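Reader: I should be grateful for a close look at a single part of this model. Please begin with one loop residue and then set out its wider surroundings.

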Amino acid sequence: MHALANPTRFMRLAGAVLPWTVAAAAVFLAAGLWQALVVSPPDYQQGETVRIMYVHVPSAWLSMFIYMVVAAGSASFLIWKHPLADVAAQAAAPIGAAFTAMALATGAIWGQPTWGTWWVWDARLTSVLVLLFLYLGYIALVNAFDDPERGARAGAVLALAGVINIPIIKFSVDWWNTLHQPASLTRLDAPAIHSSMLVPLLLMVAGLFMYFLAVLIIRMQSAMLVRRSRALGRVARGTAGSRA
Amino acid sequence: MTGFFAIILRELRTGLRHLSDISAVLAFFALVATLFAFGVGPRTLGDLAGGVLWTAALLAAMLSLDRLFQPDHDDGGLVLLILSPVPLELVVLAKVIAHWLTAGVPILVLAPLLGLALQLPEGSLPGLLTGMALGTPILSLLGALGAALVLGARRAGVLTALLILPLVIPVLIFGVAATDPANGAAPVLFLAAMLLGALALCPWATAAALRQSVL
């Protein structure tokens, strides 16, 4: 971690790693989509709609994983003042929000044919919706200040408060759900997944994870460039001011 | 400790000097409840009364948060509070207590009246009041964190609501559950547990947020 604390070294390393991540994402996604859409069998109950799973499940996993990335980045920014951790957290958050939105959207599209409804106030769905709101609140807070440094610190405190709250929200939503409705719609029996479906699923997980890494690196690189150009602008204004 | 009580007294005094703030929060609380009555219609209102009252209370509590730290931030008093010998965590706690006394307690007092108007079922009132007595301090504690985070931000009011409302969903869930006598004591105990947790953690997080707001 500390080897990466030097922005110049990070930029050099990121530039070297990026093509490999992009290539890995492309290979895994191509293989995963081929497996998921063509090779893997249709489900005996759900038919062809089961193929939505190959996008839906990795998105849902990544939506939670990326929030942990944001929280870990925020923690190391606040505790060790790691100069790149806040860049990573801020760069990761919109990607996480996009994966959360994708999990919700694909879930709705999948729910319509299998459960007969676009949306149920089920514990899982509701928790993911709250996760989306947490992402949006974080992004809004980070961008709400004229001083980006201030937004980074406020956002970091919020991300940590959110991560402490997530288990409580999850638990209370579960409790609320069992109180309100019996779990009838979502009780799809989940037998151990067959390898013909597991292989494409894992390929898609790997592909989307590599995609996340690639986009994260690109977003971090551009954030660093923005930061550098802002610093240069400040220096330029400062010298111009002293001359005048 | 004298500093702690002095801050509570000061906050109460300034709060009572701006009585119109408190009455605006209460009017908003009553107005939201009335809007629900119009929106839902009188027939099904009784079943929804607990949820309506809690939602209205959450929204009203959001409205009162900007006066927690914003005036001190604007006139520079916040720096003095941070530099004062009283630990900032205790300052936050004192301000939260004063905020609860001037925003939470009035909501708590008005709630039974609105409950009558919304045809809250007979047995629900004790649960509603115990729930709110435990829940409104949590709103003040979490709200203080939100108010501290948005100091100096653009559109701070909307932002506080966007940050805090997702975090108070558990309070809403257990608060509404407490209004149903069939649920027994469990929701009240959960609310009490959340209050203790928030009491232990929120002042530290809020103090951290305040410190970084003036760096």
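Reader: Is A185(B) buried or exposed, and where in chain B is its place?

Author: In this predicted model, A185(B) is exposed, because 11 other C-beta atoms lie within 10 Å of its own and a residue counts as exposed at 12 or fewer. A185(B) sits in the loop between α9 and α10 of chain B. Along the chain, A185(B) and G127(B) are 58 residues apart, yet their C-alpha atoms are separated by 8.8 Å.

The helices on either side of this loop also belong to the contact between the chains. That contact takes 23 residues from chain A and 22 residues from chain B. On the side of chain B that touches chain A, the elements giving two or more residues are α7 (124-149), α8 (156-167), α9 (169-178) and α10 (186-214) of chain B. This side of chain B divides into 18 nonpolar residues, two polar and two charged.

One residue of chain B shows how the two chains meet. Leaving aside residues up to four places away in sequence, L149(B) touches L141(A), A154(A), V157(A) and L158(A), together with L163(B) and A209(B). L149(B) is also among the residues that touch the most other members of the largest nonpolar core, which has 132 residues. The others in that group are V70(A), A92(A), V157(A), L53(B), A57(B) and L142(B). Helix α6 (residues 88-117) of chain B supplies the largest share of this core, with 13 residues. As a general background, nonpolar side chains tend to be buried together in soluble globular proteins.

V70(A) leads to the packing within chain A. In α2(A), V70(A) joins A60(A), S63(A) and Y67(A) in meeting V128(A), L131(A) and Y138(A) of α4(A). The residues of this contact divide into six nonpolar, one polar and no charged. The axes of helix α2 (residues 53-80) of chain A and helix α4 (residues 123-142) of chain A come within 11 Å and cross at roughly 40 degrees. α2(A) is therefore oblique to α4(A). The crossing of these two helices, α2(A) and α4(A), is left-handed.

As for chain A as a whole, its secondary structure comes to six helices and zero strands, and the order from the N terminus on is α-α-α-α-α-α. Of the 244 residues in chain A, 36% are buried. Among contacts in chain A between residues at least 6 apart in sequence, 77% join residues at least 24 apart.

Definitions and conventions: Residues are numbered from 1 along each chain as its sequence is written. Chains are lettered from A and ligands numbered from 1 in the order in which they are written. This is a predicted model: local features need pLDDT of at least 70, side-chain atom pairs count only at pLDDT 80 or more; totals for chains, interfaces and linings use all residues. Two residues are in contact if their C-beta atoms, placed from the backbone, lie within 7 Å. Helices (H or I, at least four residues) and strands (E, at least two) are DSSP runs, numbered from the N terminus. Ala, Val, Leu, Ile, Met, Phe, Trp, Tyr, Cys and Pro count as nonpolar, Asp, Glu, Lys and Arg as charged, and the others, Gly among them, as polar. Axes are lines fitted to C-alpha atoms, for helices over the stretch in contact, and angles run from 0 to 180 degrees between N-to-C directions. Angles under 35 degrees count as roughly parallel, over 145 as roughly antiparallel, 65 to 115 as roughly perpendicular and the rest as oblique. A crossing is left-handed if the near helix is turned anticlockwise from the far one by less than a right angle, and right-handed if clockwise. A nonpolar core is a set of buried Ala, Val, Leu, Ile, Met, Phe, Trp, Tyr and Cys residues joined through C-beta atoms within 7 Å. A residue is buried if 20 or more other C-beta atoms lie within 10 Å of its own, exposed if 12 or fewer, and partly exposed in between; C-beta atoms are placed from the backbone.
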